[in-house]
Amino acid sequence: MLGLGLSLVNFALRGHIIARVKDKKSQAALFALVTMTANLGSAIGPLASNYIYKAFGQTLFVIVIVGLYVFSALLTPIVLTHHVFIRNEKSSKENTSSIVKTITDSLKSPGTVLAILAVFVGSIMNGQLFAGMALEFHSLSDSPVIRGLFYSIDAISVIALQMPVSKLISRGMANGQNATSFIIKSLGIYGISFALFACGVSSYWWICIIALVVFSIAECIYAPLINIALVEAQPDKPLVDILNYRLIIAAIGESAGSFLGGWIVPALRPAGMTAWYWCALALVGIIPAVVTNHIGKRGKRIIRR
């Protein structure tokens, strides 16, 4: 049920933004706001819920949670525009498609395949936060305070950095860069964070904190742009199908990333070899970013000639 709820919220909210806002820079700014708001909730939620549960008991805790959901459900139809078509206002058998056909057609376009691969690899990278990185960080210290910093640092960093990063993205888009190129850059930043994490896993928890901040920068780039990149790569395809398979790609990638981190890290930890895992992931992120940047610079030199 939780997965169904998350899928519906992600689909409806992101579809609403893309359908209502046509300018790519404005879309990126709104998705950045969504990411920042989600992380603000992630930072406040655990602290507030723990306090309410301990101070007032289970009954009031449940009442508050249910009340928040009811309030959100009542507020949504009031503040959001009604009748937003994410397929076509004159939907019919002739102009509808299927997610299978959209995916099949996508594989025929090199630009779309690149966008899909970038989103997929990024989701694997993102999935490390909830499994491998958390397991590593918790094993570095017995202090509950230091352990508690893990998710708080990521959430607070995203809140603090999202707007400045979004301004850089808007500036880059104004200069002709597309969303896929930014996502590939985020893979390189994810890679740098994993390289730093590899240096800290031996015992230096403060290096791991720096790695988390760098990870947050990559997240600030990746999270707001994944929908834009896939829509941008195939603007002629039904938006509803693109959003559906974006959810599928992200779900598979994050699940695979969490599984790998949750399986490999505990297996390598007793031998003190987890740094090799993070170094391998670092290369997976950094190499595409470096290669793409080199190809881009070479293409610009050819054009100038």
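These legends describe a predicted model in three close-up views.

**View 1. The chain is built from 11 helices and zero strands.** Helices (H or I, at least four residues) and strands (E, at least two) are DSSP runs, numbered from the N terminus. Of the 305 residues in the chain, 38% are buried (under 20% relative accessible area with a 1.4 Å probe, protein chains only). The chain exposes about 16900 Å² (Shrake-Rupley method, 1.4 Å probe). Carbon and sulfur atoms supply 70% of that area.

**View 2. Helix α5 covers residues 110–127.** Its end C-alpha atoms are 26 Å apart. That agrees with the 26 Å expected for 18 residues at 1.5 Å a residue (1.5 Å times one less than the number of residues). Buried residues of α5 include Thr-112, Ala-115, Ile-116, Ala-118 and Val-119. Also among them are Gly-122, Ser-123, Ile-124, Met-125, Asn-126 and Gly-127.

**View 3. Leu-149, Tyr-204, Trp-205, Trp-206 and Ile-210 make a nonpolar surface patch.** The patch measures about 480 Å². Patch residues have over 30% relative accessible area and no salt bridge (a side-chain nitrogen of Lys or Arg within 4 Å of a carboxyl oxygen of Asp or Glu). Nonpolar side chains (Val, Leu, Ile, Met, Phe, Trp, Tyr) are joined within 5 Å. Helix α9 (residues 205–233) gives the most to the patch, with three residues. Trp-205 lies in helix α9. Trp-205 is partly exposed (between 20% and 50%), with a relative accessible area of 32%.

**Notes.** Residues are numbered from 1 along each chain as its sequence is written, and side-chain values use heavy atoms, without hydrogens and water. Local features need pLDDT of at least 70 and side-chain atom pairs pLDDT 80 or more, while totals for chains, interfaces and linings use all residues.

Technical notes
Patch = residues over 30% accessible without salt bridge, like charges linked within 9 Å, V, L, I, M, F, W, Y side chains within 5 Å.
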